[in-house]
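The exercises below are meant to be worked through with the structure in view. Try each task before reading the solution that follows.

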Amino acid sequence: MKLRIKVPATSANLGPGFDCIGVALDWWNTIDIETLARGLEIECAPGLPRDKSNAVIQGMIAAFEQKNQKMPPVKIKMDAAIPIASGLGSSSAALVGGILAANAIMGDVFTRSQLLTLATHVEGHPDNVTPALLGGMVVAVQEGERLHAVRMDVPRDLRAVIFVPTYPVLTKKARGILPKAIPRADAIYNAGRTALWIAALYERRWDWLDFATRDRLHQPYRVKLVRGMNELCDAARGAGARGVALSGAGPSIIAFTDHADDDIAAAMERVARKMKIDGRAHLVGISKRGARVTRLK
Ligand code: HSE
């Protein structure tokens, strides 16, 4: 069997929605998987593991184990367009790709809800894997073993400008620096803004996003790992962005816009140059579609 799986990049948190909201981006990884008679072959970009620690393989193993089956020998070819360790869900995309491949090889044995739960369980939090699977914007909340994932359409006029620095930030480290407890005032600050984000989407009020993308739960602590975070956010706002946030655990910065021009990208790149931060700004749509599997033979 030969499969092609396309999985989108994702941006999690969107400011205040830590571990519970994310969007799928029109920026795709392509993974070709072919079952073999024996062995394991992985073709991927330098820097990505070529053994069982590869996230695609991890996803496959988890899915086969769930059904008490052994993973068959496979050849994997990854065209990883999503930058690694940049806060754009590259490891979630690989994991989701592996789970979908295993599901197709076993004969579509999982329901959509089971795929979402399995991916969340393996990843540890739902806000990248759920939009990677469903597309659009997803609110995902876990309670024990149960997962509630709600997909919403994002109107086409809202798009993202994402500044991607060339240096990596590991999610584990960016989670490790967060305090175990936060003041009640900060919890209230974030709860209100997360709700306002969803209200802004419902009402198409992009003028509410400046307020709705502010955060006190993780960004103020992560600024230590993300050079120029505040300056890049200010530059995007100054150039007309409707709202700006750290993308996932960083270091990318995502700005939302309903204009077609590229002033925001230019403003972010200007600040980056001034602060000697290597990187590039990309204008990216929000993807309506999530990951998809095509059978090649
Ligand atoms: N919500 C997660 C975090 C996303 O901010 O740590 C990381 O991919």
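**Exercise 1.** In this predicted model, find how helix α3 and helix α4 are placed relative to each other, and state which residues make their contact.

*Solution.* Begin with the axes: those of helix α3 (residues 112-123) and helix α4 (residues 126-134) come within 8 Å and cross at roughly 145°. Next take the handedness, which is right-handed for the crossing of α3 and α4. Then list the residues of the contact, which are Arg112, Leu115, Leu116, Ala119, Thr120 and Glu123 on the side of α3, and Pro126, Val129, Thr130, Leu133 and Leu134 on the side of α4. Sorting the residues of this contact by class gives seven nonpolar, two polar and two charged.

**Exercise 2.** Describe how the axes of α2 and α4 cross, and decide which word fits their relative direction.

*Solution.* The axes of α2 and α4 come within 9 Å and cross at roughly 55°. Because angles under 35 degrees count as roughly parallel and those from 65 to 115 as roughly perpendicular, with the rest between them oblique, α2 is oblique to α4. The crossing of α2 with α4 is right-handed. As for the residues, Ser92, Leu95, Val96 and Leu100 of α2 meet Asn128, Val129, Ala132 and Leu133 of α4. In this contact of α2 with α4 there are six nonpolar and two polar residues, and no charged ones.

**Exercise 3.** Carry out the corresponding analysis for α1 and α2, from the axes to the classes of residue in the contact.

*Solution.* The axes of helix α1 (residues 55-66) and helix α2 (residues 90-105) come within 7 Å, crossing at roughly 40°. The two helices, α1 and α2, are therefore oblique to each other, and their crossing is right-handed. From α1 the contact takes Ala55, Val56, Gln58, Gly59, Met60, Ala63 and Phe64, while from α2 it takes Ser91, Ala94, Leu95, Gly98, Ile99, Ala101, Ala102 and Ile105. The residues in this contact of α1 with α2 comprise 11 nonpolar and four polar, with no charged residue.

**Exercise 4.** State where the two domains lie along the chain, and describe the area buried between them.

*Solution.* The division is into domain 1, covering 2-153, and domain 2, covering 159-284. Taken over C-alpha atoms, the centres of domain 1 and domain 2 are separated by 24 Å. Across the boundary, 24 residues of domain 1 are in contact with 36 residues of domain 2. About 2000 Å² is buried between domain 1 and domain 2, and carbon and sulfur atoms give 69% of that area. Within domain 1, the residues that lose the most area to domain 2 are Pro16, Phe18 and Ala85, which together account for 28% of what that side buries.

**Exercise 5.** Locate the loops that hold Asp108, Lys276 and Pro251, and say what is unusual in the backbone there.

*Solution.* A general expectation comes before the details: most residues other than glycine have a negative phi, and most peptide bonds are trans. Asp108, in the loop between α2 and α3, has a positive phi, near 55°. Lys276, in the loop between α10 (263-274) and β10 (279-285), likewise has a positive phi, near 55°. Turning to the peptide bonds, the one that joins Gly250 and Pro251 is cis, with omega about 10°, and Pro251 lies in the loop between β8 (243-246) and β9 (253-257).

Technical notes
Residues are numbered from 1 along each chain as its sequence is written. This is a predicted model: local features need pLDDT of at least 70, side-chain atom pairs count only at pLDDT 80 or more; totals for chains, interfaces and linings use all residues. Side-chain values use heavy atoms; hydrogens and water are left out. Axes are lines fitted to C-alpha atoms, for helices over the stretch in contact, and angles run from 0 to 180 degrees between N-to-C directions. Helices (H or I, at least four residues) and strands (E, at least two) are DSSP runs, numbered from the N terminus. Angles under 35 degrees count as roughly parallel, over 145 as roughly antiparallel, 65 to 115 as roughly perpendicular and the rest as oblique. A crossing is left-handed if the near helix is turned anticlockwise from the far one by less than a right angle, and right-handed if clockwise. Contact means heavy atoms within 4.5 Å. Ala, Val, Leu, Ile, Met, Phe, Trp, Tyr, Cys and Pro count as nonpolar, Asp, Glu, Lys and Arg as charged, and the others, Gly among them, as polar. Domain bounds come from an automatic or database domain assignment. Buried area is the accessible area (1.4 Å probe) that two parts lose on being put together, summed over both.
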